[in-house]
Amino acid sequence: MTRSSRIALSIWAAITLLVTASILVIYLWRGIEGLNLFIQQWPLTDLPTALASVTLTWFLAGAFLYLLQAERINKSNFLTFAGFFIVCWTYLNFLRERFRYGDYTYYFEAATALFNHQHLPDSYFYPPLWATLLQYVAPFGDEPFLLVLWLLNFFSLMAFFILLVRVLEHYGFSSRLAALTTTLFMLVNTPLLRTLDYVQVNVHTLNFIFLSLLLYAKRPSLSALMMALAVHLKSSPAVLVLAFLLEKDWRWLAWFALSIILVGLITVVTNGVTPFFDYLQNIQWFAASKDAIFHDTSFDSFLRFVGPYLQLSSSAIHVLIYAAKALLGVATIFAMAQCVRAQTFFRSEERGVRLFNAMPPLFILMTLASPVVWEHHGLFTALAFLLMLKKIETPSEWMWFGLAYFLEFILPTFDFFPWSYGRLIAPMIILWLMWRSSKRTSESSVFSKFNSWLEALA
C-alpha cells in the first residue's frame with residue numbers, strides 16, 4: 001500500500017509540475033491574455049470560482065495521497081479522514097456550479113462604503129467588523145472580492161468539519177462516531193448549503209464559538225477572544241455568554257469584556273465609531289419592519305403575517321412578538337436549569353460542567369430570539385440537535401427528533417405559509433426533548449451501544 005501510494009503521489013506531483021509549467025509558458029509567451037486561448041468560460045459559470053474549485057480538489061487529492069504514503073491514515077482515524085475528504089470534494093463540486101452568490105453584494109457595498117469613508121448602507125445588518133476587514137479587498141473589484149469570500153468560506157468549511165468532530169468528542173462521542181455523525185450531518189444540510197450559497201458568515205461565526213468552547217479549560221483568554229470575534233461577526237452569539245455566567249468565571253468574563261473592546265477598536269481606529277451607530281440604526285429599522293417573508297422563520301415574520309388577518313394593530317403585533325420571545329426565554333431557562341442540574345450532556349471533573357450543559361438550549365434561544373431567522377441560521381442549532389442523539393430513547397422521542405431534524409436540515413427552502421415555518425417549530429421540539437430527556441441520568445441505550453461498537457471495531 002505504501003509503495004503504491006508513493007508511486008501515485010509521484011505521478012500527482014509530476015502532473016502538478018507539468019500544469020504549472022504550461023501556465024508559466026503560456027504567460028511568458030502571450031501574457032495574461034494568452035490564457036484565454038486555452039481556458040473557456042461557459043454560460044452560468046463563474047470562472048474564478050470554477051478554477052478555484054478544480055485547484056482545491058486537485059491539491060486535496062495530493063494531500064490525501066501524502067497522508068496515505070506517510071501512513072498517517074490508520075484504522076483509528078480512517079472515518080475522520082474519509083469523511084473530511086468526502087465532504088470537501090462534495091461541496092467543491094457544488095460550489096463550482098454556482099453562478100451568482102447572494103449576500104456578498106451587501107458585504108461588497110458595505111466594504112466599499114467604508115473604504116470611501118461613507119456610512120454603511122441600510123442593507124447591512126451586521127456588526128461592522130466584517131465590512132471593516134473586507135474594505136481592503138473591495139478596491140480590487142467585484143470578482144476578486146467574491147473569490148476571496150468564496151475561498152474563506154471553503155477553508156472555514158474544512159475547519160468546521162474538524163472542530164465539530166472535536167466538540168462532539170468533548171461531549172462523549174467516540175472519535176469514530178463523531179466523524180461519522182459530522183460527515184452525515186454535513187452532506188445533507190439545507191442551512192449549510194444556503195450559508196455557502198449566500199457566502200454568509202455563519203460558518204466563521206460557529207467556528208469561533210466552537211474554538212471558544214474547546215479552549216475554555218486551558219486557554220481562557222483565547223476562549224474569550226474567540227467568543228468576542230463571534231459576537232463581532234454576528235451579535236446573536238452574545239446570548240451564549242449566559243452559560244459562562246453560570247460558571248461564575250469572572251476571569252473569563254473580564255477577558256471577554258476586554259476582547260470585545262479590543263476587537264471593536266479595529267473598526268474605531270480605521271473608520272471611527274460611526275459604523276457602530278449605522279449598524280444600530282439599520283437593526284432598529286429592520287426590527288420595526290412590517291414585512292413578512294415566508295423563509296424568514298422568526299416569530300416576527302410569522303406574527304406580522306398573521307396579525308393583520310386577526311385585525312391586530314401594529315403595537316399589538318409587537319407585544320405578541322415580545323411575549324413569544326419572552327416565553328421562549330423562560331422555556332430555555334427551565335430546560336437549561338434542568339440540563340445543568342442533571343448534567344444531561346456533559347459529565348466531568350474538569351471545570352466547565354455547567355457551561356457545556358447550558359450551551360445546547362442557549363443555541364436555540366440564540367437562533368429563535370433574533371428578529372430575523374433566515375433558513376441558513378438553522379446551522380447555529382447544529383450542536384443542540386446532534387447532542388440529542390445521546391439522550392433520545394423511546395420510539396416517540398425518535399419520531400419527534402426525526403421530524404424536527406427533517407424540518408430543520410433536510411427539507412429544502414420554500415415559501416408557502418404556514419408550512420415553510422417548520423424551521424420555527426423544529427428547534428422548539430428539540431428544546432422540549434431536552435427538558436423531557438434530561439430527567440433521565442443515563443445516556444440513550446442506542447447511543448451507548450453504537451458508540452462502543454464503533455470504538456471497538458478492529
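A pocket is an open set of grid points with protein on both sides within 12 Å along at least five of seven lines, and its volume is the space filled by probe spheres set on those points. In this predicted model, the second largest pocket has a volume of about 460 Å³. Its lining comprises 14 residues, and those nearest the centre are Val 19, Thr 20, Ile 23, Leu 51 and Thr 55. Two elements, helix H1 (2-30) and helix H2 (47-69), each give two or more residues to this lining. H1 gives the most, with 6 residues. Sorted by class, the lining of the second largest pocket holds 10 nonpolar and 4 polar residues, with no charged ones.

The largest pocket encloses about 680 Å³ of space. Here the lining is made up of 29 residues; Phe 125, Tyr 126, Val 372, Trp 374 and His 377 lie nearest the centre of this pocket. Helix H13 (274-287) and helix H16 (353-368) are elements that each supply at least two residues of the lining. Charged residues do appear in the lining of the largest pocket: the count is 3 charged, beside 17 nonpolar and 9 polar.

Attention now turns to the packing of helices. Two packed helices are described by the angle between their axes and the distance between the axes. For helix H4 (residues 104-115) and helix H6 (residues 142-170), the angle is about 115° and the axes are 10 Å apart. This crossing is right-handed. On the H4 side, Tyr 104, Tyr 107, Phe 108 and Ala 111 make the contact, and they meet Asp 142, Phe 145, Leu 146 and Leu 149 of H6. Of the residues in the contact of H4 with H6, 7 are nonpolar, none is polar and 1 is charged.

Helix H10 (residues 220-233) and helix H12 (residues 250-271) form another packed pair, with axes that come within 8 Å and cross at roughly 45°. H10 and H12 are therefore oblique to each other, and H10 passes H12 in a right-handed crossing. The H10 residues in this contact include Pro 220, Ala 224, Met 227 and Val 231, while those of H12 include Trp 252, Trp 255, Phe 256 and Ile 260. Arg 251 of H12 also takes part. By class, the contact of H10 with H12 has 12 nonpolar, 5 polar and 1 charged residues.

Further along the chain, helix H14 (residues 299-309) packs against helix H15 (residues 314-342) at an angle of about 140°, and their axes lie 9 Å apart. H14 and H15 are therefore oblique to each other. The crossing of H14 past H15 is right-handed. Phe 299, Asp 300, Leu 303, Arg 304, Gly 307 and Pro 308 form the H14 side of the contact, and Ile 317, Leu 320, Ile 321, Ala 324, Lys 325 and Leu 328 form the H15 side. The contact of H14 with H15 contains 8 nonpolar residues, 1 polar residue and 3 charged residues.

Finally, two details of the backbone are worth finding in the structure. Most residues other than glycine have a negative phi, and most peptide bonds are trans. Against that background, Glu 71 has a positive phi of about 60° although it is not a glycine. Glu 71 sits in the loop between H2 and helix H3 (78-96). The other detail is a cis peptide bond joining Phe 417 and Pro 418, with omega about -5°. Pro 418 belongs to the loop between helix H18 (395-410) and helix H19 (422-437).

Terms used. Residues are numbered from 1 along each chain as its sequence is written. This is a predicted model: local features need pLDDT of at least 70, side-chain atom pairs count only at pLDDT 80 or more; totals for chains, interfaces and linings use all residues. Side-chain values use heavy atoms; hydrogens and water are left out. On a 1 Å grid over the protein atoms alone, a cavity is a set of points where a 1.4 Å probe fits but cannot get out, and a pocket is an open set with protein on both sides within 12 Å along at least five of seven lines; lining residues have an atom within 4 Å of a point. Helices (H or I, at least four residues) and strands (E, at least two) are DSSP runs, numbered from the N terminus. Ala, Val, Leu, Ile, Met, Phe, Trp, Tyr, Cys and Pro count as nonpolar, Asp, Glu, Lys and Arg as charged, and the others, Gly among them, as polar. Axes are lines fitted to C-alpha atoms, for helices over the stretch in contact, and angles run from 0 to 180 degrees between N-to-C directions. A crossing is left-handed if the near helix is turned anticlockwise from the far one by less than a right angle, and right-handed if clockwise. Contact means heavy atoms within 4.5 Å. Angles under 35 degrees count as roughly parallel, over 145 as roughly antiparallel, 65 to 115 as roughly perpendicular and the rest as oblique.
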